[in-house]
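Morning, everyone. I'll walk through one model today, starting with a helix and ending in the loops. Please have the structure open.

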Amino acid sequence: MSVAIVGVGQTPFRRSCGINIRELCFKAFRDALEDINLAPKEIDASIICSAPEYDKQRSPAGLISEYLGLTPKPTFYAESICSSSSTGVKVGYGFIKSKLHDIVAIIGFQKMSEISSAEVQERMGRGADIQWESPFGAMMPAGYAMFAHAHMQEYGTTEEQLAKVKVKSSKYSFSNPLAMYRRVITLEECLKARVIASPLKMFDCCANADGASCVIMASEEKAKKITDTPVWVAGIGAASDTLSTTARTNLNGLTCAIDAGTQAYKMAHIEPEDVDVAEVHDCFTIAEIMAYENLGFCKPGEGGKLIEESQTYIGGKIPVNVDGGLLSKGHPIGATGGSQIRTIVFQLQGRAGKTQVDGAEVGLVHNIGGIGLYGNVTILRR
């Protein structure tokens with residue numbers, strides 16, 4: 001039995017949404033139900049995804065399930081920091097594949113404006129080892145800056161190549177009405193921006209945001225009744241790495257992404273060159289360059305060259321993040337994976353508008369939690 005995605009939805013990603021989390025999730029849920037033949041009462045189960053350290057509401061799954069009219073159907077909570085909603089998709093896939101449920105809604109959300117910027121930074125710092133790393137400044141920018149330095153030293157990757165990732169992101173964000181930043185950024189602007197954590201500058205980093213996403217999955221039998229354009233889950237992989245970066249054996253890439261990608265390719269019976277369009281977790285520009293290599297779109301060390309040659313633009317070897325990516329859309333942690341899946345579903349359904357990749361048949365989503373702590377890779381097929 002195959003498992004399909006039958007509906008996807010997303011709110012605009014904004015610095016401050018001005019509404020509560022139940023209304024935020026409702027908007028994404030309502031968006032996912034548009035244009036499909038499905039009533040909320042037909043949904044068997046829901047999986048609510050967020051990073052709880054940013055939430056004021058304890059156990060938000062119960063609140064969201066009630067507000068969406070899904071109670072008393074079972075609701076569950078999934079968390080793997082920035083990859084929470086793609087983790088929810090993997091769990092939903094398992095529910096349907098095992099025949100526990102036929103139709104599952106995965107709702108990811110984050111309202112990061114609930115707390116102050118200082119509080120956000122403090123919580124992000126606690127994503128590292130709180131005894132041996134966080135007290136010494138192991139924030140997210142610092143962690144990815146360490147990977148950037150290692151990549152530069154090993155492969156000669158340049159700050160200009162990093163900046164070109166943001167230039168591409170900003171070009172495509174202009175066509176994405178849900179993106180937080182919709183302005184073309186030049187290479188010169190990127191290179192002259194203030195330093196956040198050397199060598200990463202302001203435009204090398206994504207921004208916190210409020211937002212929600214929704215993915216509705218169904219069994220093959222149900223999917224064909226719900227929509228004429230189901231998108232099938234062809235491969236799904238997940239892996240983890242050590243929480244402590246001092247225990248890592250590889251600082252030129254993310255091992256969890258390599259392992260998750262290998263699993264997903266094997267399950268889908270495809271090779272990297274078979275992917276037509278990809279969404280990768282570009283929380284920082286170096287993260288996108290490492291993703292090119294970790295997913296096999298190029299050899300290790302050639303990620304900088306890939307963006308330098310514009311091979312990840314539409315029309316290139318492998319179009320990547322043609323919705324603007326996290327760098328331009330913003331990064332509401334619990335909603336990000338679902339947003340990435342929405343983009344690929346739209347591409348495979350031919351609904352991507354000005355950023356449509358012609359003839360896209362196979363799409364890939366790469367979603368990372370923490371500094372390479374959790375990795376999820378999902379391959380979808382039309």
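How many ångströms should the 16 residues of α5 span, at 1.5 Å a residue? The expected span is 22 Å. The end C-alpha atoms of α5 are 22 Å apart, so the two values agree. Keep in mind that this is a predicted model.

Stay with α5. The helix covers residues 140-155. Its buried residues are M140, P141, G143, Y144, A145, F147, A148, A150, H151 and M152. What do they pack against? On the helix side, the partners are α4 (117-125), α6 (159-173) and α10 (285-294). On the strand side, they are β5 (195-197), β6 (200-201) and β10. After α5 comes G156, with a positive phi near 80°.

Now the rings. There are 5 aromatic pairs in the structure. One of them joins Y144 and F147. The pair is tilted, with centres 6.2 Å apart and 40° between the planes. Where do these two residues sit? Both are in α5, 3 residues apart, or about one turn of the helix. Why do we call Y144 buried? Because its relative accessibility is 0%, and buried means under 20%. F147 also has 0% relative accessibility, so F147 counts as buried. Ring pairs bring in F284 too, giving a cluster of Y144, F147 and F284.

Next, the core. Nonpolar side chains tend to be buried together in soluble globular proteins. Here, the largest nonpolar core has 88 residues. Y144 is among the residues with the most contacts inside it, along with I5, L200, M217, I286, I379 and L380. A second core is separate and has 28 residues, including V6, L38, F109 and C214.

Take L380 from the largest core. Which residues does L380 contact, beyond its neighbours within four places in sequence? The list includes I5. It also includes a run from V231 through W232 and V233 to A234. I341, I344, V345 and L348 are in contact with L380 as well. So are E361, V362 and G363.

On to the loop between α13 (336-348) and β10 (362-369), where we find Q349. Is Q349 buried or exposed? Its relative accessibility is 18%, so Q349 counts as buried. The cut-off for buried is under 20%. Outside its neighbours within four places in sequence, Q349 contacts T229 and V231. Its side chain also makes a polar contact of 2.7 Å with the side chain of R351.

R351 has another partner. Its charged end sits over the ring of F346, 4.1 Å from the centre. R342 also lies over the face of F346, at 4.4 Å from the ring centre.

Last stop, D44. D44 is in the loop between α1 (21-33) and β2 (45-49). At 22% relative accessibility, D44 is partly exposed. What does D44 touch, apart from residues up to four places away in sequence? The answer is K73, P74, H101, D102 and I103. With D102 there is a polar detail: a polar atom of the D44 side chain lies 2.6 Å from the backbone nitrogen of D102. As for T75, it is 31 residues from D44 along the chain, and their C-alpha atoms are 9.2 Å apart.

That's the tour. Questions, please.

Notes:
Residues are numbered from 1 along each chain as its sequence is written. This is a predicted model: local features need pLDDT of at least 70, side-chain atom pairs count only at pLDDT 80 or more; totals for chains, interfaces and linings use all residues. Side-chain values use heavy atoms; hydrogens and water are left out. Helices (H or I, at least four residues) and strands (E, at least two) are DSSP runs, numbered from the N terminus. Buried means under 20% relative accessible area, exposed over 50%, partly exposed in between (1.4 Å probe, protein chains only). A polar contact is a pair of N or O atoms within 3.5 Å; within protein, one must be able to donate a hydrogen and the other to accept it, and residues adjacent in sequence count only if both atoms are side-chain atoms. Contact means heavy atoms within 4.5 Å. A nonpolar core is a set of buried Ala, Val, Leu, Ile, Met, Phe, Trp, Tyr and Cys residues joined through side-chain atoms within 4.5 Å. Rings of Phe, Tyr and Trp (its six-membered ring) pair if their centres lie within 6.5 Å; planes under 30 degrees apart count as stacked, over 60 as edge-to-face and the rest as tilted. A charge sits over a ring if NZ of Lys or CZ of Arg is within 6 Å of the ring centre and within 35 degrees of the ring normal. The expected span of a helix is 1.5 Å times one less than its number of residues.
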